[in-house]
Amino acid sequence: MTDADLDQVVAMEEHSFPHPWTAQHFLDELRSPHGFPLVAVTDGGALAGYLCPSLLLDAGEILDVAVGREFRGAGIGRLLVESSLRLFREQGANRVYLEVRASNEAAISLYRALGFGESGRRKRYYENGEDALLMDINLPSEVQHAV
Ligand SMILES: CC(C)(COP(=O)(O)OP(=O)(O)OC[C@H]1O[C@@H](n2cnc3c(N)ncnc32)[C@H](O)[C@@H]1OP(=O)(O)O)[C@@H](O)C(=O)NCCC(=O)NCCS
């Protein structure tokens, strides 16, 4: 991801989440020494999705990931998460974690398919009273099977 992607990324974010990140959130990640935001782009150059990872010492976190509605179900989410796991591993992460809405079946299935397990739950974490599911994966042993 670069600054030039921001308008499209923010538009996709607004179509994907009830409480979307602003352009400033993405700018902060682009400037952060811990972040390395990724985009997935079609052969024709269209933005298909993005993922914001963050690495602190040996712990990686997936902060945000979305695929454009018209591109979903084609393996792009899987590609983005797999790519982030490979990059986390190359940069020395031993573990990657994330939070996901307990009702987000598509995302939970994706993370499970890549080897993430449920590590906890934050009760009524979201503004609508919904729980957050905490999921994590140990690297590199588990990811070697998935990637
Ligand atoms: C979650 C999201 C990123 C998945 O992206 P995607 O490109 O559609 O996912 P993929 O095509 O790579 O699917 C990979 C796996 O995820 C799971 N999956 C994806 N969409 C699913 C759905 N609608 N229902 C159930 N499982 C689903 C499946 O296990 C799938 O594997 P399969 O194709 O072998 O069955 C996408 O739905 C999205 O952007 N959602 C809105 C934003 C969001 O919720 N982000 C996650 C926040 S934690």
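**Figure 1. Strand 4 shows one covered face and one uncovered face.** In this predicted model, strand 4 (residues 95-101) turns Val96, Leu98 and Val100 to its covered face, while Arg95, Tyr97, Glu99 and Arg101 make up the uncovered one. This is a nice case to read along the backbone, because in a regular strand the side chains alternate between the two faces of the sheet. Which residues does valine 96 touch beyond its neighbours within four places in sequence? Its contacts are Gly60, Glu61, Ile62, Leu85, Phe88, Asp136, Ile137 and Leu139.

**Figure 2. Strand 4 pairs with strand 3 and with strand 6.** Have a look at the partners of strand 4 here. With strand 3 the pairing is parallel and runs over three bridges; within it, alanine 59 sits opposite arginine 95 of strand 4. With strand 6 the pairing is antiparallel, and seven bridges join the two strands. One pair to pick out is tyrosine 97 and aspartate 136, the latter being the bridge partner in strand 6. Strand 3 and strand 4 also belong to a right-handed β-α-β unit, in which helix 3 (residues 76-90) is the helical member.

**Figure 3. Strand 5 pairs with strand 6 and lies largely in the open.** How many of the six residues of strand 5 (residues 117-122) are buried? The number is zero, so strand 5 lies largely in the open. Strand 5 still has a partner: it pairs with strand 6 (residues 132-138) in the antiparallel sense, over five bridges. In this pairing, glycine 117 stands opposite aspartate 136 of strand 6. Aspartate 136 will be familiar from the previous view, where it is the bridge partner of tyrosine 97.

**Figure 4. Helix 1 has its buried residues along one face.** In helix 1 (residues 6-16), the buried residues are Val9, Met12 and Glu13. Viewed down the helix axis they fall within an arc of 105 degrees, so they line one face of the helix. The spacing makes sense, because an α-helix has 3.6 residues a turn, so residues three or four places apart point the same way. On the face turned away from this buried side, look for the exposed residues Asp7 and His15. What do the buried residues of helix 1 pack against? Their packing partners are helix 2 (23-31), strand 2 (47-56) and strand 3 (59-67).

**Figure 5. The largest nonpolar core draws on helices and strands.** This core holds 28 residues, and Leu51 and Val96 are the two that touch the most other members. Helix 1, strand 2, strand 3, helix 3, strand 4 and strand 6 each give two or more residues to the core. Val96 also appears in the first view, on the covered face of strand 4.

**Figure 6. Proline 37 is a buried loop residue.** Proline 37 has its place in the loop between helix 2 and strand 1 (38-41). Is proline 37 buried or exposed? It has 21 C-beta neighbours inside 10 Å and therefore counts as buried. Leaving aside neighbours within four places in sequence, proline 37 is in contact with Met1, Phe26, Glu29, Leu30, Tyr50 and Cys52. For a sense of scale, proline 37 and valine 10 are 13 Å apart, C-alpha to C-alpha, with their positions 27 residues apart in sequence.

**Figure 7. Two exposed loop residues have a positive phi without being glycine.** A short reminder sets the scene: most residues other than glycine have a negative phi. Leucine 57 has a phi near 55 degrees and is found in the loop between strand 2 and strand 3. With 9 C-beta neighbours inside 10 Å, leucine 57 counts as exposed. Arginine 124 has a positive phi of about 45 degrees, and its loop is the one between strand 5 and strand 6. Arginine 124 is exposed too, with 10 other C-beta atoms within 10 Å.

**Figure 8. The whole protein puts the close-ups in context.** The protein has five helices and six strands, in the order α-α-β-β-β-α-β-α-β-β-α from the N terminus on. Its radius of gyration is 15 Å, close to the 15 Å that the globule rule gives for 147 residues, so the protein is as compact as a globular protein of that length. The C-alpha atoms fill a box of roughly 35 × 35 × 30 Å along the principal axes. Of the 147 residues, 27% count as buried. Among contacts between residues at least 6 apart in sequence, 54% join residues at least 24 apart.

Notes: Residues are numbered from 1 along each chain as its sequence is written. This is a predicted model: local features need pLDDT of at least 70, side-chain atom pairs count only at pLDDT 80 or more; totals for chains, interfaces and linings use all residues. A residue is buried if 20 or more other C-beta atoms lie within 10 Å of its own, exposed if 12 or fewer, and partly exposed in between; C-beta atoms are placed from the backbone. Helices (H or I, at least four residues) and strands (E, at least two) are DSSP runs, numbered from the N terminus. The arc is that of the directions from the helix axis to the C-beta atoms. Two residues are in contact if their C-beta atoms, placed from the backbone, lie within 7 Å. Two strands pair if DSSP finds at least two bridges between them. A crossover is right-handed if, with the strands pointing away from the viewer, the path from the first strand over the helix to the second runs clockwise. The radius of gyration is taken over C-alpha atoms; the globule rule is 2.2 Å times the number of residues to the power 0.38. A nonpolar core is a set of buried Ala, Val, Leu, Ile, Met, Phe, Trp, Tyr and Cys residues joined through C-beta atoms within 7 Å.
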